[in-house]
Amino acid sequence: MSELAQKIDVSCPECGQTQRESENFISTVCRSCGAYFKSSHAPMNARKKVKRTGIKKRELVCADCGAVQMVAEEAQSSSCLECGRHLELGHRVIEGEHLGNLVLEGELTIGPKGNFGGSKARAAKIVLQGRASGFLEAVEWLRVEGQASLRSGASGEILEVRPGASLESRDTLLFRSGQIDGELRCGTAQFSGPLKVGPAGKIIAEQIVFSELTVEEGGRIQSQGEVRIAAEPVVAPEIPETKGEITST
Amino acid sequence: METGKKINPKVRAASLAGHGLQIFGDVRLEQDGVIRAKVKGNVQASGKLVVAKEAEISGAVSGVDIRLEGKVDAGLQGRGRVWLIAQSVLRTRCAAKALRIEPGADFRGELRIGESL
């Protein structure tokens, strides 16, 4: 049972009439003269504060003109303020055959039985588990999780081939960096930045181009290779300089 | 033809410091070592090998762990780890169990990594 508020005597500041009110009262009307008055006991900041939480926003870059705008995190679509282009922000999953081009600012998943049959799909993030006949452009990353194949190549920021996954590409792959922990088979793969091959990673290619390469023990590469873009040097582990013996022929 | 003649320690120290030293023929290192000379031939090491930045080797280089800072023309084969340091130059081939090519290194050729060597 809830406790009842105590009653207190209050006097009307206009006519002096006393009446009983709840001890928590904030304001009332004098039952004698009808004057409205506030409680002297009520705290000045007694008004209930309504907490207004700001709408969380995120940065959105127009796929066409590159203009940047802020949109609500939960927004599903927007229009570019510069060029007026419609921007689809949500995620899309392709489980069967998909014909036609796609431009997404969100994540595109091509499922194990999915096939992207358009000429080009562009998304911030692409998870590839199935096939793509068209070209894939992954602004942030392309992650290969299943037994995947590409007919027209792909480009983007990061290429990840997960452990146990494989990617076969008939056309060129162009990425800024790569992390290969599964199997990659392709013609040419170009990485303008670092390429890392994990202990279970394998690359079989006609040519791979990179600015730096790390192959961990267990990782495999069979390819022609070329370093093309120079960057800042980093310190490599030292092999101690020890005594040597030279014999000459 | 291999003479098997051991080099006097003083001479060896000079050759390891090796500015201006040129060796015509193949070189074999029985232990870990550093090559600073210009070698017109192959270099074979039984242990760890450092090809210093002033070294230029026209032939192939083989060893266990190899750190390349200089120049090798005819390929490099490491039975362990291979490092290509910035400013190093390697042509023809690179075979190793594990490999690190730093930014700034210059490599062009065949890559065979992780295969039985």
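**Exercise 1. Place Ala86(B) in chain B and decide whether Ala86(B) is buried or exposed.**

Step 1. Find the element. Ala86(B) sits in a loop of chain B, with strand E12 (81–84) on one side and strand E13 (89–96) on the other. The model is predicted.

Step 2. Count neighbours. Ala86(B) has 20 C-beta neighbours inside 10 Å.

Step 3. Apply the cut-off. A residue is buried if 20 or more other C-beta atoms lie within 10 Å of its own. Ala86(B) therefore counts as buried.

Step 4. Check a partner. Glu69(B) is 17 residues from Ala86(B) in sequence. In space, their C-alpha atoms are 7.2 Å apart.

**Exercise 2. Describe chain B as a whole.**

Step 1. List the elements. Chain B has 1 helix and 15 strands.

Step 2. Look at burial. The chain holds 117 residues, and 45% of them count as buried.

Step 3. Look at contact range. Take the chain B contacts with a separation of 6 or more: residues 24 or more positions apart account for 3% of them.

**Exercise 3. Trace Leu99(B) in the largest nonpolar core.**

Step 1. Size the core. It has 77 residues.

Step 2. Pick out the members that touch the most others. Among them are Leu136(A), Leu142(A), Leu84(B) and Leu99(B).

Step 3. List what Leu99(B) touches, leaving out residues up to four places away in sequence. From chain A come Leu213(A) and Val215(A). From chain B come Val82(B), Cys94(B) and Ile113(B).

**Exercise 4. Judge the confidence in chain A.**

Step 1. Take the average. Chain A has a mean pLDDT of 83, and 84% of its residues score at least 70.

Step 2. Find the weak stretch. Across residues 230–249 of chain A, pLDDT stays under 50. The model has 56 contacts beyond four places in sequence for this stretch.

Step 3. Draw the conclusion. Where pLDDT is low, predicted coordinates should not be read in detail.

Notes
Residues are numbered from 1 along each chain as its sequence is written. Chains are lettered from A and ligands numbered from 1 in the order in which they are written. This is a predicted model: local features need pLDDT of at least 70, side-chain atom pairs count only at pLDDT 80 or more; totals for chains, interfaces and linings use all residues. pLDDT is the predictor's confidence in each residue, from 0 to 100. Two residues are in contact if their C-beta atoms, placed from the backbone, lie within 7 Å. Helices (H or I, at least four residues) and strands (E, at least two) are DSSP runs, numbered from the N terminus. A residue is buried if 20 or more other C-beta atoms lie within 10 Å of its own, exposed if 12 or fewer, and partly exposed in between; C-beta atoms are placed from the backbone. A nonpolar core is a set of buried Ala, Val, Leu, Ile, Met, Phe, Trp, Tyr and Cys residues joined through C-beta atoms within 7 Å.
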